[in-house]
Each structure stands twice: as C-alpha cells, then as structure tokens.
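I opened a fresh page for this entry and set out to look up a few things, one at a time.

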Amino acid sequence: MIEFTWRGVAVCYDPSMRIVRLVQFTDPHLFGEEAGRLRGIATYPALIGAIEHARARDWPPDAIVATGDLVQDDPTGYALFRRAFAGLGVPVHCLPGNHDVRDAMRRELAGAPFTLGGSVDFGAWRLVLLDSTVDGSAGGCLSDGTLAELDKALGDAPERHALVCLHHHPVAMSSRWLDRVGLANPADLFRVIDAHRNVRAVLFGHVHQSFEALRGRVRLLATPSTCTQFLPRAEDFAVDARPPAYRTLELLPDGTLQTEVVWVDSCAARSPRSVCSAA
Ligand SMILES: [Fe+2]
C-alpha cells in the first residue's frame, strides 16, 4: 500500500489493484535482411506494421511478450528484432521457439529492455516464461528442470494470479500435421499447473492461428503470427490467407483476463473481446 497526500487529501493506493496491460507479438520469423520473406511475406515490415498498429491503439502497455520464433533460423535476425523493440520504452519479455538460435538469442537480447525466460510480477499477476524448445526438433518438450522452475514460480507467489507463457501448443489443435510438432509432454505441464490454484491462463505461439479453449478454470490462448498464418484444422500443411496479427491482454486484479486478437488489416474481421472470470 502506498500512502501520499494529493491536494491536501490523504490517498491510499494499492499497486496490486491496477489493471496490467500486455501486448503479445509472436512468430515474427525475422531474417538478417529487412526484405527477407517467409511464404511470400516480408517478415520485418510485417512486424513493424503490427507494432505500429498496436501503438496507434492503447499504448504503452506494461510489457510486451514475444513468444518465440523471433527469427527464421537466422541469428542475424536478432539485430532487426532489437531495432524493432528497443526504442519503444516498454519491457520486452521473450522466450525461444523452435526456429530460434538460443545462444545467439541470449547474446543479442542481453540487457534492457529485453528479458529472456524467468518470471516477472506486474500488479497482482506473475508472468512465467518457459523454454519448450528441443535442439533439432520442430516439436517441443518441457524438461524436468523447466517444470521445476514453473513449480517454484507458482508456489513462491500463491497470492498472485499467474499467466504461463511458452512457444509450443500444449493442447491438440485438430490439425494432424501441426499436432505432430506440439508440446510432447502436456500432461507434465498440467500436472504442475493443477498442483497450484493460481494459474489463470496459458499463452502460446507456434500455431500461427487464433485459438482459445478452457481447461477447467485455465484459459488456453494461441495467437496468430505477425507474418503468415496456418490454415486451422488442416490435415496437411497449408497456409492461411489471413493477415498478420497480435494479441492484447488486460489482467485484472481479481484474476479476470480480457483479451483480443487484433488482425492488422483494415478489412479483417476482429474477434470479439472475450471475458472470463477466474472465479
Ligand atoms: Fe512460427
């Protein structure tokens, strides 16, 4: 509780009672060259377009979350990632995806405003960022060490609502090819989550499409890429023509989470803002 006097009036302010605002950008797949293209889309201009779109709305957020595949197997792409985010004046919390080059990522994104992995507290919430990558594999897996980190991060702050972030999807997407490269051990993740009562949502990328489900009281949220999308429920790999996108999140002090996928296309339909109580 912070107490101060404003215009002669005593004011009590509880910082944990504020709304925490986040923006998630995921799977930008940058190359070392601005003009580098993935499936016909120049990924750096697409990312800049998504950032500028977000800046024209409610800005600044408390933090940006970048949930992996920051580059397309190209370590020189991190210089462009730095250029895109370093001057925004907003903390940028990152975790790796299967196309990231982890040593280069750690080296190139060392220091403010970037943070890799770990956990961070905002208001009444704790964000926990997990590394689900496996060397040489498109699919993911959470190691025993990472699961222990999650267990500790949740157990150390039982009074905080938690948002768990990772790259790979921990739930089937009803897409045969994509579900072969999801998280290999979702039961281990949910065993840890179920051992605590404070996880409100799991947030991920990798699937290049919008997705939302509810597992008990925990929301499962996937966000489209800032470049190209995958066709939902496709048996075999297929590209979707939907435009780049990002996600906004408002984390309320009571554990409620409001979120919206924002498509970066003036003609695109926007998903309705959805609200779910944690109670
Ligand atoms: Fe990706």
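Before looking at the metal site I wrote down that donors are N, O and S atoms within 2.8 Å of the metal (3.2 Å for Na, K and Ca), and that sites may look incomplete because water is not among the atoms. I also noted that this is a predicted model, in which local features need pLDDT of at least 70 and side-chain atom pairs count only at pLDDT 80 or more, while totals for chains, interfaces and linings use all residues. Residues are numbered from 1 along each chain as its sequence is written, and side-chain values use heavy atoms, with hydrogens and water left out.

**Iron site.** I first looked up the spacing of the iron donors along the chain, which reads D-x1-H-x39-D-x138-H. These protein donors are D27 (OD), H29 (NE2), D69 (OD) and H208 (NE2), and they lie 2.2 to 2.3 Å from the iron ion.

**Burial.** I then checked two of the donors, taking buried as under 20% relative accessible area, exposed as over 50% and partly exposed as in between (1.4 Å probe, protein chains only). D27 has 0% relative accessibility and therefore counts as buried, and H29, with a relative accessible area of 2%, is buried too. For the protein chain, I found that buried residues make up 53% of the 279 residues.

**Whole chain.** Counting helices (H or I, at least four residues) and strands (E, at least two) as DSSP runs numbered from the N terminus, I noted six helices and 19 strands in the protein chain. Its C-alpha atoms fill a box of roughly 60 × 40 × 40 Å, taken along the principal axes.
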